[in-house]
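Colleague: I'm new to this one and would love a close look at a single part of it. Could you walk me through the aromatic rings and what sits around them?

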Amino acid sequence: MANIIPKVPIAKNEPILSYSSGSKEKKEVLEQYKALFENPVEIKMRIGDKDVKTGDTSPMCPPHDHQHKLGFYHKANKKNIETAIDCALEAKKKWSKMPWESRAAIFLKAANLVAGPYRSKINAATMIAQSKTIYQAEIDAACEFIDFLRFNVQFMSDIYEKQPDNTPEIWNRLEYRPLEGFVYAISPFNFTAIAGNLPASAALMGNVVVWKPSDYQIYSAKILMDVFRESGLPDGVINMVFGEAEMITDTILESKDFSGLHFTGSTHVFRDIWRKIGNNINRYRSYPKIVGETGGKDFVVAHPSADPKEVATAVVRGAFEFQGQKCSAASRIYLPKSIGDEVIRYIKSDLKTISMGSPENFKNFITAVIHKEAFDRIVETINRIKESQNAKIVFGGNYNDKEGFFIEPTVVLTEDPQYETMSRELFGPLVTIYCFEDKNWIQTLKLIDQTSEYALTGAIFSKDRYALEEALSLLENSAGNIYINDKPTGAIVGQQPFGGARGSGTNDKAGSIFNLIKWVSPRLIKESFLPVSNYRYPFLEE
Ligand code: NAD
């Protein structure tokens, strides 16, 4: 195997299955859903070659049926975390020396397992644990995760191919070493694909990882771990731990071998971790690489030339799919007064046809929000709006947590462009609209740029090319992913590398070469074929 320069399979986006009535995939996923739902599980941590129980447990419940128990998971103590670090460092001795094509083969096999035998299971688990409709589960847990795995292998090979120039006497080689130490991956609840990609991308590049999934995604995280193991990932390369986030993080950040953070989650948590890393900087062997993709306050802005129906559709899909719990979800909308009423009418008439309930019922477009804390946060905001002089609810505003954490898709209209729901991330099925005078197009673009601390995604609707150019220029730093005449959600790996700047993160573009490059530390090897044996340069001669 040593004497080859392998070519990796060319990555293509995984086709999205339809789950239409009578389809094989619909039957399979519903059977899986039922089987998982009715059979409670005990989820152990995976540390080195052991499934670890501590007896300190927490229950897991579907957000759309919060009294139903899916089982429970075991939580780590400090010793478990120290052991996870030791196991990772031990595994590194062999893993970092494994030929890269063997690492690639493991993750390509994982992609194929998810595309095939695990597809209905990972989708059903995501529907149950994170209350995703089948479509939202399919584009996340199946397709996006498969794409991350396949494209990252291609990006890895692109990185390794990048080599410096040579001369006939000197051969220069760049060796892409994994980081010295281990990587800490912390993942959010809202995307199973992100949960899998955070540890997998670092591991693919030869690193070892301690991975802490969100408490609200452990149910589907366990299946990701099963996939990694069945793909042949050696023990200790990815160690999966659960429990108290601060204790786990503090223990990890105390280690001199901590060499990288791969985080996705909220801005305040990321800032807190960054601060702790800074405070510990003298402990570390190397400067840790820090990658964090965080919150958003994503906008849609329409020019008077925009098509009202297209704008309304972007708002309905962009704001309410997965209950607005996407970092990229449209949550502040800027409409010119000339088309504002028409857009709002279309939005309302679409929302009237939307039904809400369990993801098991395929008629439902939206389901429950993730947990009680999220429910309470959104309900308090809705109640404040109901009392406010500065904003009014023009659609929705009802909620009910008797069985699940259900909140109606809610549309708010405000005349105050700085109103709290125009500037702060809420992360729920609520969108706020501000209508501006048509003649104030340029001022409105400046307003969008200055209203929020975030800069993740945004969408511009216009049929006027000059207006589009004005918007692209004035909103240059307002979003890391900007969409023209399209909704601001639904980035596809390999097509729209994803990430934002300002308060939205380090913008290392998940699912791209820019992200993978963070998990290596290149070593330059210069070899001279004709070593010089006289220190004197020609200019020293008389
Ligand atoms: P969260 O910040 O509550 O949790 C994210 C992870 O951090 C979880 O594993 C959690 O247990 C852990 N965590 C929480 N407190 C911690 C602490 N004090 N120290 C260390 N770790 C801690 O976020 P969430 O609710 O799971 O996800 C929603 C957030 O994630 C939103 O802000 C959303 O915008 C963001 N997000 C961003 C992207 C992106 O690509 N930019 C993608 C998905 C989600």
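**Rings and their neighbours**

Modeller: Happy to! The charged end of R173 lies over the ring of W171, 4.1 Å from the ring centre. A charge counts as over a ring if NZ of Lys or CZ of Arg is within 6 Å of the ring centre and within 35 degrees of the ring normal. K132 likewise sits over the face of F191, 3.9 Å from the centre of that ring.

This is a predicted model, where local features need pLDDT of at least 70 and side-chain atom pairs count only at pLDDT 80 or more, while totals for chains, interfaces and linings use all residues. Residues are numbered from 1 along each chain as its sequence is written, and side-chain values use heavy atoms, leaving out hydrogens and water.

Now to rings meeting rings: there are 17 aromatic pairs (Phe, Tyr or six-membered Trp rings with centres within 6.5 Å; stacked if the planes are under 30 degrees apart, edge-to-face over 60, tilted for the rest). One of them joins F258 and Y284 edge-to-face, 5.3 Å between centres and 65° between planes. This pair links distant parts of the chain, 26 residues apart: F258 is in strand 10 (residues 258-264), and Y284 is in the loop between helix 9 (267-279) and strand 11 (289-293). Helices (H or I, at least four residues) and strands (E, at least two) are DSSP runs, numbered from the N terminus. F258 is buried because its relative accessibility is 1%, and Y284 is buried at 7% (buried is under 20% relative accessible area, exposed over 50%, partly exposed in between, with a 1.4 Å probe and protein chains only).

F270 and W274 also pair edge-to-face, at 5.7 Å and 85°. They are four residues apart in helix 9, so about one helical turn separates them. F270 is buried at 6%, whereas W274 is partly exposed at 43%. Finally, ring pairs join W100, Y160 and Y176 into a cluster.
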